[in-house]
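Hi,

Here is the structure I said I would pass on. Have a look at it first, and my notes on what turned up follow underneath.

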Amino acid sequence: MEFSIKGGDLSKLKTDCVVVGVFDSKKLSTAATALDKASKGAIMAAVSSGDISGKCGSTLILQAVPGITAKRVLLMGYGNDKEYNNKIFVASLSAAFKALKKCAATDVTIPLNTKHASADIAWKVEQAAICAIDGAYRFNQMKSKADNKHIGKAVTFHLDGKANEKALYAAIKRGEAIGEGMNLTKDLGNMPPNIATPAYLASTAKDLAKTYKFKCTILEKKDMEKLGMNTLLSVSKGSYLPPKFIVLEHNGGKKGAAPVVLVGKGITFDTGGISIKPSAEMDEMKYDMQGAGSMLGAMKTVGMMKLPLNVVMLVPTCENMPGGNATRPGDIVKSMAGHTIEILNTDAEGRLILCDALTYAERFKPAVVVDAATLTGAMVIALGHITTGIFANDDKLAAELVNAGVVANDAAWHLPMSDEYDALLKSNFADIPNISGGRAGGSITAACFLGRFTKSYKWAHMDIAGTAWKSGADKGATGRPVPLLANFLFKRAGI
């Protein structure tokens, strides 16, 4: 997708579609007012007709508006003008791009009010670039006849006055890098599990390494056996597909500087193993690798930005399948860290592959470690599909991530992880069980399990079970939490 910045008379700009906002009070935005004047009241007439409510998320496409060169004018609802904020701007723009999927427009113009603060304009440009790329996204790879009708060629930002164009182009670059990282994450999640296997994730990592000059290391089963990654290997035992342990290293910072280590859960399909899941919606368990997918997406963003920061990505990946050689409830295995673990439920497998990865992270002497995983159904019950749960052994790191989510419009919340919860992890036969005695606080006790393997460094865990994908009519991967991760890394890199 191409992005550009232009000035001049908005009404005379040649474009397939210009997007302007209206409020539910029938008040017009600054850009909509300019077009209304040029069209001698055509915009206000459309609003007054009641064809668009003006509520956030509402849209209306007008064709061949008199006095306006653009082929179309798309009105997007901003809601109450007294409550309008940047979050509503993004939600409205997302709805606008969704509406554009239904028409033949291939380029769009987004007006910017230069009376706003420079930082505010730059943020809106970054978010608009992300929305445009997200709005153009289609997963057509597996369809015999692809539907390519969408806004996917060009976006022009129109300035109604003077602005710092250098800062705006920098914001576009950030938005593009985040949007493309999200697209990779979505592609990996939406790909069927017979294709998006552990080997496929490894191949994707190799492609990223080749494109962005990362160092790539793929550990095979025999390498994991030598390292004592027995908890990871225990999950993979029921599958005929061999596990992989993927390492990507971006050395963009000062030589020898402690890296940020990103860890992503890569269960490419989760049946639950012997503790098998119900059949309903089991197809969605192809998304159980979205922790890995989001970290690979974040690494694409890192590469596109040539981020001046040392970043290491670790992805343990395998399938969790039933079979004659599958791990049983009651089995005890020894982790890479030396802890014996009683496996009471084979469907609590994500923490088993992550604990060995978190132990492996120690060798990089990290500044911080952040993992992302579709870890617990309890997280969906706690925070729904809106907010990512964050747990950490360092409050400042948790605050960094929450604040990055605020900037990125990618919400997260810091939850507790105290000794009282950790004490619930008791086993009569091993050092630790892979689940606690009951369902209560399931997301917290899962985080406490991981915390047992992170004593030597600052660490945060992101449970993205509720935010990594959508079910229902809009079924598909969301690309989250790539925006949050990107802004966290940008801040760490000082850009």
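To start with something easy to miss by eye: which residues lie nearest the centre of the largest cavity? They are Ser234, Val235, Asn320, Thr327 and Thr346, out of 14 residues that line the cavity. Before you read on, please keep in mind that this is a predicted model.

**The cavity**

The count comes to 1 cavity of 30 Å³ or more. Its volume is about 80 Å³. As for what lines the cavity, there are 6 nonpolar residues, 6 polar ones and 2 charged ones.

**The two biggest pockets**

The largest pocket has a volume of about 1,700 Å³. There are 50 residues in its lining, and Ser94, Asp134, Lys470, Ala477 and Thr478 are the ones nearest the centre. If you want to find the walls on your screen, look for the helices α3 (86-100), α4 (118-136), α5 (165-190) and α12 (395-408), plus the strands β16 (412-414), β19 (469-470) and β20 (476-477); each of these gives at least two lining residues. The largest share is from α3, with 6 residues. Sorted by class, the lining of this pocket has 20 nonpolar, 13 polar and 17 charged residues.

The second largest pocket holds about 1,200 Å³ of space. Here 41 residues make up the lining, with Lys277, Asp347, Thr376, Gly377 and Ala378 nearest the centre. At least two lining residues come from each of α10 (350-360), α11 (377-383) and α14 (442-451), and α11 gives the largest share, 6 residues. The class split for the second largest pocket is 17 nonpolar, 14 polar and 10 charged.

**Two buried strands**

Next, have a look at β14, residues 368-373. Why is this strand described as largely enclosed by the rest of the structure? Because 6 of its 6 residues are buried. Both faces are covered: Val368, Val370 and Ala372 are buried on one side, and Val369, Asp371 and Ala373 are buried on the other. That pattern is easier to read with a general point in mind: in a regular strand, side chains alternate between the two faces of the sheet.

β14 also has partners. It pairs in the parallel sense with β9 (residues 260-264) over 5 bridges, and Val261 has Val369 of β14 as its bridge partner. Another 5 bridges join β14 to β18 (residues 459-463), again running parallel. In that pairing, Ala373 has Asp463 of β18 as its bridge partner.

β6 (residues 154-159) is mostly covered too, with 6 of its 6 residues buried. Ala154, Thr156 and His158 point one way, while Val155, Phe157 and Leu159 point the other way, and all are buried. This strand pairs in parallel with β1 (residues 2-6) over 5 bridges, where Phe3 stands opposite Val155. β6 also pairs in parallel with β5 (residues 107-112), over 6 bridges, and there Ile110 has Phe157 as its bridge partner.

**A three-stranded sheet**

There is also an open sheet of 3 strands, in the order β12-β13-β17, with mixed pairing. β12 (332-334) and β17 (432-433) are at the edges with a single partner strand each, so one side of each has no neighbour in the sheet. β12 and β13 (residues 340-342) run antiparallel and are joined by 3 bridges; Lys334 stands opposite Thr340 there.

**Rings**

How many aromatic pairs does a search of the whole structure find? The search gives 9. One that I'd pull up is Tyr287 with Trp469, a stacked pair at 5.3 Å centre to centre and 15 degrees between the planes. The two come from distant parts of the chain, 182 residues apart: Tyr287 is in the loop between β10 (266-270) and α9 (290-305), and Trp469 is in strand β19. Both Tyr287 and Trp469 are buried.

Elsewhere, Phe23, Tyr78 and Tyr84 are linked into a cluster by ring pairs. Two lysines are also worth a click: Lys124 lies over the face of Phe89, 5.1 Å from the ring centre, and Lys186 lies over the face of Tyr137, at 4.4 Å from the ring centre.

Cheers

Terms used. Residues are numbered from 1 along each chain as its sequence is written. This is a predicted model: local features need pLDDT of at least 70, side-chain atom pairs count only at pLDDT 80 or more; totals for chains, interfaces and linings use all residues. Side-chain values use heavy atoms; hydrogens and water are left out. On a 1 Å grid over the protein atoms alone, a cavity is a set of points where a 1.4 Å probe fits but cannot get out, and a pocket is an open set with protein on both sides within 12 Å along at least five of seven lines; lining residues have an atom within 4 Å of a point. Grid points are joined across faces, edges and corners, and a volume is the space filled by probe spheres set on the points. Helices (H or I, at least four residues) and strands (E, at least two) are DSSP runs, numbered from the N terminus. Ala, Val, Leu, Ile, Met, Phe, Trp, Tyr, Cys and Pro count as nonpolar, Asp, Glu, Lys and Arg as charged, and the others, Gly among them, as polar. Buried means under 20% relative accessible area, exposed over 50%, partly exposed in between (1.4 Å probe, protein chains only). Two strands pair if DSSP finds at least two bridges between them. Rings of Phe, Tyr and Trp (its six-membered ring) pair if their centres lie within 6.5 Å; planes under 30 degrees apart count as stacked, over 60 as edge-to-face and the rest as tilted. A charge sits over a ring if NZ of Lys or CZ of Arg is within 6 Å of the ring centre and within 35 degrees of the ring normal.
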